[in-house]
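Below is a short report on a protein–DNA model. Please view the sequence and the structure before reading on.

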There are 2 protein chains.
Amino acid sequence: MHKESFNRYSLLLDCTARRVKQYAQVQFNLGNYGVTVDQWAVLKNLNNTANISQKELAKLCGKDQPTLTRILDLLVKKGFVERTIHKNDRRSFIVQLSEEGRNKVSELEPNVREIRMKAWENLDENDFEDLQRILNTIYKNLELNNND
Amino acid sequence: MHKESFNRYSLLLDCTARRVKQYAQVQFNLGNYGVTVDQWAVLKNLNNTANISQKELAKLCGKDQPTLTRILDLLVKKGFVERTIHKNDRRSFIVQLSEEGRNKVSELEPNVREIRMKAWENLDENDFEDLQRILNTIYKNLELNNND
DNA sequence: TAGCAATAATTAGTGTGACAAATATATAAG
DNA sequence: CTTATATATTTGTCACACTAATTATTGCTA
């Protein structure tokens with residue numbers, strides 16, 4: 001095992017993830033979906049889990065809070081999302097899809113599924129399981145309070 | 001196989017890749033390395049392959065040309081890289097490490113190896129092979145002229 | 001209840017990524 | 001030689017990631 005390999009693996013992971021995202025974005029653009037891939041991820045999570053704070057939503061989406069704030073700004077401007085002030089805690093917002101937002105999700109959902117499938121051709125069940133396991137292991141290896 | 005899974009896999013891939021990069025960047029910052037992870041990748045490639053055009057370097061690094069231009073601007077400003085005009089083609093530059101750049105690479109190289117290893121703990125040879133194969137398959141699935 | 005630490009969200013600043021358009025130079029076709 | 005086309009690089013614009021700092025609010029504590 002050459003230590004140098006780990007550098008290569010890291011870069012391969014980086015490039016592949018970017019490619020997957022970019023491919024999806026290109027398809028989104030071709031179909032004039034009107035949202036970016038990251039914005040879609042937020043809409044999708046909001047559709048599954050309603051009435052949630054930005055902090056919780058950020059965690060669900062795997063994004064940090066400043067990033068989520070800006071994505072929500074854009075989604076609100078587009079009319080897909082509404083912020084309402086939390087009754088008991090005026091520091092936080094409750095975020096939810098608007099009527100338009102819900103329509104957008106149902107409209108795009110099947111198309112997005114098709115797009116997403118493309119990346120996973122020529123792979124089988126075992127590959128999916130291995131990949132999940134490996135990526136989860138990597139993720140845990142880098143957990144914050146894991147300093148040795 | 002639920003079609004919905006592919007969406008999850010895509011997001012897991014995205015999150016994991018970002019985590020790997022972010023972990024490395026935090027370590028770089030703690031050590032005051034004076035470069036970002038992406039800038040390091042460029043320095044490393046330049047160290048391996050000297051006297052190369054920006055276009056070729058971009059390909060090696062897996063970045064597009066505008067992005068590479070901007071990273072090089074920063075590295076030139078920091079004094080690690082020099083651009084010299086190509087003798088036979090004045091459109092292009094030959095890019096190379098400066099003395100300082102070479103020193104930087106030898107200084108950081110062992111530390112970066114250590115940092116990179118962290119992500120790959122608790123995985124074995126088979127996992128590395130599987131991961132490489134799977135990621136390469138995904139990459140190929142999304143190759144540009146592949147409009148099924 | 002006054003003061004203070006913790007928390008939710010935002011803002012600011014820098015770097016990166018993708019794409020399109022602009023610039024400068026090279027090469028090919030006539 | 002001139003025009004057309006191709007290529008290398010740069011610039012501009014928008015979106016996202018991460019950090020640090022700021023604002024508003026909450027809840028604890030003395």
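The report goes through the two protein copies, the DNA strands, the pockets and the cavities.

## Model and symmetry

The model is a predicted one. A turn of 179° with a shift of 0.0 Å along the axis lays chain A on chain B with an RMSD of 0.1 Å. The two copies are therefore related as by a two-fold rotation axis. Of the interface residues of chain A, 98% are also interface residues in chain B, so the copies meet through the same surface.

## DNA strand C

DNA strand C is surrounded by 29 residues, and the closest are Gln22(A), Gln54(A), Lys55(A), Arg91(A) and Thr36(B). Of the atoms of DNA strand C that come within 4 Å of the protein, 71% belong to sugar and phosphate.

Contacts to phosphate oxygens of DNA strand C come from both protein chains. The side chain of Thr69(A) places an N or O atom 2.8 Å from a phosphate oxygen of this strand. In chain B, an N or O atom in the side chain of Thr36(B) lies 2.4 Å from a phosphate oxygen, and Arg90(B) has a polar backbone atom 3.1 Å from a phosphate oxygen. The elements that give two or more residues to the surface near DNA strand C are α1 (4-30), α3 (54-61) and α4 of chain A, along with α2 (37-48) and α4 of chain B. With five residues, α4(B) provides the largest share of that surface. By class, the residues near DNA strand C are six nonpolar, ten polar and 13 charged.

## DNA strand D

Around DNA strand D there are 27 residues, of which Thr36(A), Thr67(A), Gln54(B), Lys55(B) and Arg70(B) come nearest. Sugar and phosphate make up 64% of the atoms of DNA strand D that come within 4 Å of the protein.

Which part of DNA strand D lies 3.5 Å from an N or O atom in the side chain of Arg91(A)? The partner is a base oxygen. Two other contacts involve phosphate oxygens of DNA strand D: a backbone N or O atom of Arg90(A) is 3.2 Å from one, and an N or O atom in the side chain of Arg18(B) is 3.4 Å from one. Two or more residues of the surface near DNA strand D come from each of α2 (37-48) and α4 (65-77) in chain A, and from each of α1 (4-30), α3 (54-61) and α4 (65-77) in chain B. The largest share, five residues, is that of α4(A). Six nonpolar, nine polar and twelve charged residues make up the surface near DNA strand D.

## Pockets

The largest pocket holds about 1300 Å³ of space. Its lining has 37 residues, and those nearest its centre are Cys61(A), Gly62(A), Lys63(A), Cys15(B) and Arg18(B). Elements giving two or more residues to this lining are α1, α2, α3, α4 and α6 (125-141) of chain A and α1 of chain B. The element that gives the most is α1(B), with 13 residues. The lining of the largest pocket divides into 13 nonpolar, ten polar and 14 charged residues.

The second largest pocket has a volume of about 930 Å³. It is lined by 30 residues, with Cys15(A), Lys59(B), Leu60(B), Cys61(B) and Gly62(B) closest to its centre. Here the elements that give two or more residues are α1 of chain A and α2, α3 and α6 (125-141) of chain B. The largest share of this lining, ten residues, comes from α1(A). By class, the lining of the second largest pocket has eleven nonpolar, eight polar and eleven charged residues.

## Cavities

How many cavities of 30 Å³ or more does a search of the whole structure find? The search finds three. The largest cavity has a volume of about 120 Å³. Of its 14 lining residues, Leu11(A), Asp14(A), Lys21(B), Val37(B) and Arg116(B) lie nearest the centre. At least two residues of this lining come from each of α1 of chain A, α1 of chain B and α2 of chain B, and α1(A) gives the most, with five. The classes in the lining of the largest cavity are seven nonpolar, one polar and six charged.

The second largest cavity has a volume of about 100 Å³. Residues from both chains line this cavity, among them Ala17(A), Lys21(A), Arg116(A), Leu11(B) and Asp14(B). At least two lining residues come from each of α1 and α2 of chain A and α1 of chain B. The most, four residues, come from α1(B). Six nonpolar, one polar and four charged residues form the lining of the second largest cavity.

Methods: Residues are numbered from 1 along each chain as its sequence is written. Chains are lettered from A and ligands numbered from 1 in the order in which they are written. This is a predicted model: local features need pLDDT of at least 70, side-chain atom pairs count only at pLDDT 80 or more; totals for chains, interfaces and linings use all residues. Side-chain values use heavy atoms; hydrogens and water are left out. A residue is near a molecule or strand if one of its heavy atoms lies within 4 Å of it. A polar contact is a pair of N or O atoms within 3.5 Å; within protein, one must be able to donate a hydrogen and the other to accept it, and residues adjacent in sequence count only if both atoms are side-chain atoms. Ala, Val, Leu, Ile, Met, Phe, Trp, Tyr, Cys and Pro count as nonpolar, Asp, Glu, Lys and Arg as charged, and the others, Gly among them, as polar. Copies are superposed by least squares on the C-alpha atoms of residues with pLDDT of at least 70 in both. Contact means heavy atoms within 4.5 Å. On a 1 Å grid over the protein atoms alone, a cavity is a set of points where a 1.4 Å probe fits but cannot get out, and a pocket is an open set with protein on both sides within 12 Å along at least five of seven lines; lining residues have an atom within 4 Å of a point. Grid points are joined across faces, edges and corners, and a volume is the space filled by probe spheres set on the points.
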